[in-house]
Amino acid sequence: MNYLEILKFRHACKIFDESKKISAGEFDFILEAGRLSPSSTGLEQWDFLVVQNKELREKIKAVSWNQAQITSCSHLVVILAKIKEIKVGSSYVDKMIARRADKEPEMIAARQKFYHDFLLSNFKNDDELTFQWSHEQCMIAATNMMNAAASLGIDSCPIEGFDRHA
Ligand SMILES: Cc1cc2nc3c(=O)[nH]c(=O)nc-3n(C[C@H](O)[C@H](O)[C@H](O)COP(=O)(O)O)c2cc1C
């Protein structure tokens, strides 16, 4: 499939064929598409939680408008938007800065100052503002994973119909 054909193939699937399972290789490919996604300032503000346990899926379904896809899908990926890690002075932010190519102490210090000022002025160490920003990045990863699945002829469904406070 060319890219346009992939986008045309992808749709929000309501009824999965439960007799079909995604292979380990295919699933690795899909997760890798998520992992390689761009994120604002490269903080990769997501965790991908793969939920295969039946009882756990039933509990998630109960707080997800009882949507059938939660239990009928071959693989359920819950995307967690990072909040506490994206606060000023967090060790996660320092770790992500340390991954960068420039290793001179003054470059690292300059980057730390940039992140400090950027995070504080935009998100004010506020959970909701930080969540909204991380959530935007998670959507990019989700899109890449859905399109990667489509490129393999695998259906998917994004689910935002859940009670976030449950
Ligand atoms: C952020 C987001 C959340 C969504 N949440 C749900 C959902 O909870 N349940 C569902 O069946 N579809 C959900 N959808 C799918 C949309 O309803 C669907 O993408 C839209 O109607 C267009 O249809 P298509 O994706 O088949 O082209 C969601 C889509 C997005 C982008």
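1. In this predicted model, a nitrogen atom of the ligand is placed 2.9 Å from a polar backbone atom of E160. The ligand has 620 Å² of accessible area on its own, and the protein covers 54% of it.

2. Two further polar contacts to the ligand deserve attention. One runs between a ligand nitrogen atom and an N or O atom in the side chain of Q67, at 2.7 Å. In the other, an oxygen atom of the ligand lies 2.8 Å from a backbone N or O atom of A12. Thus Q67 takes part through its side chain, whereas A12 and E160 take part through backbone atoms.

3. The shell around the ligand draws on several stretches of the chain. The residues R10, H11, A12 and K14 belong to the shell, as do Q67 and Q69. M139 is also part of the surroundings, together with C157, P158, I159, E160 and G161. Sorted by class, this shell comprises five nonpolar, four polar and three charged residues.

4. Q67 merits a separate point. This residue sits in the loop that joins helix 3 (54–62) to helix 4 (69–72). Besides the ligand contact at 2.7 Å, a polar atom of the Q67 side chain lies 3.2 Å from the backbone oxygen of G161. When residues up to four places away in sequence are not counted, Q67 touches K61, I159 and G161. Of these partners, I159 and G161 are themselves among the residues surrounding the ligand.

5. Which residues does I97 contact, leaving aside its neighbours within four places in sequence? The partners are I108, R111, Q112 and Y115. I97 itself is part of helix 5, which spans residues 91–98. With a relative accessible area of 2%, I97 counts as buried, because that value is under the 20% limit. By way of contrast in position, I97 and E58 are separated by 39 residues in sequence and by 39 Å in space, taken C-alpha to C-alpha.

6. Six aromatic pairs are found in a search of the whole structure. W46 and F48 form a stacked pair, with 6.0 Å centre to centre and 15° between the planes. The two residues fall into separate exposure classes: W46 is buried at a relative accessible area of 6%, while F48 is partly exposed at 24%. The limit of 20% lies between these values, which is why the classes are not alike.

7. An aromatic cluster is made up of F114, Y115, F118, F123 and W133. Y115 links this point to the earlier one on helix 5, since Y115 is also a contact of I97.

8. As to overall architecture, the protein chain contains seven helices and two strands. Along the sequence, these elements follow the pattern α-α-β-α-α-β-α-α-α. The C-alpha atoms fill a box of roughly 55 × 40 × 25 Å along the principal axes.

9. Some totals for the protein chain complete the note. Of its 166 residues, 34% are buried. The accessible surface amounts to about 10100 Å², and carbon and sulfur atoms account for 58% of this area. Among contacts between residues at least 6 apart in sequence, 73% join residues at least 24 apart.

How values were computed. Residues numbered from 1 in each chain as written. Predicted model: local features only at pLDDT ≥ 70, side-chain atom pairs only at ≥ 80, totals over all residues. Heavy atoms only, no water. Helix = DSSP H or I, 4+ residues; strand = E, 2+ residues; numbered from the N terminus. Buried < 20%, exposed > 50% of the residue type's maximum accessible area, 1.4 Å probe, protein only. Contact = heavy atoms within 4.5 Å. Near = heavy atom within 4 Å. Polar contact = N/O pair within 3.5 Å; in protein donor to acceptor, adjacent residues only side chain to side chain. Areas by Shrake-Rupley, 256 points an atom, 1.4 Å probe, with all protein chains shown as cover. Nonpolar A, V, L, I, M, F, W, Y, C, P; charged D, E, K, R; others polar. Phe/Tyr/Trp six-rings, centres within 6.5 Å; stacked < 30°, edge-to-face > 60°.
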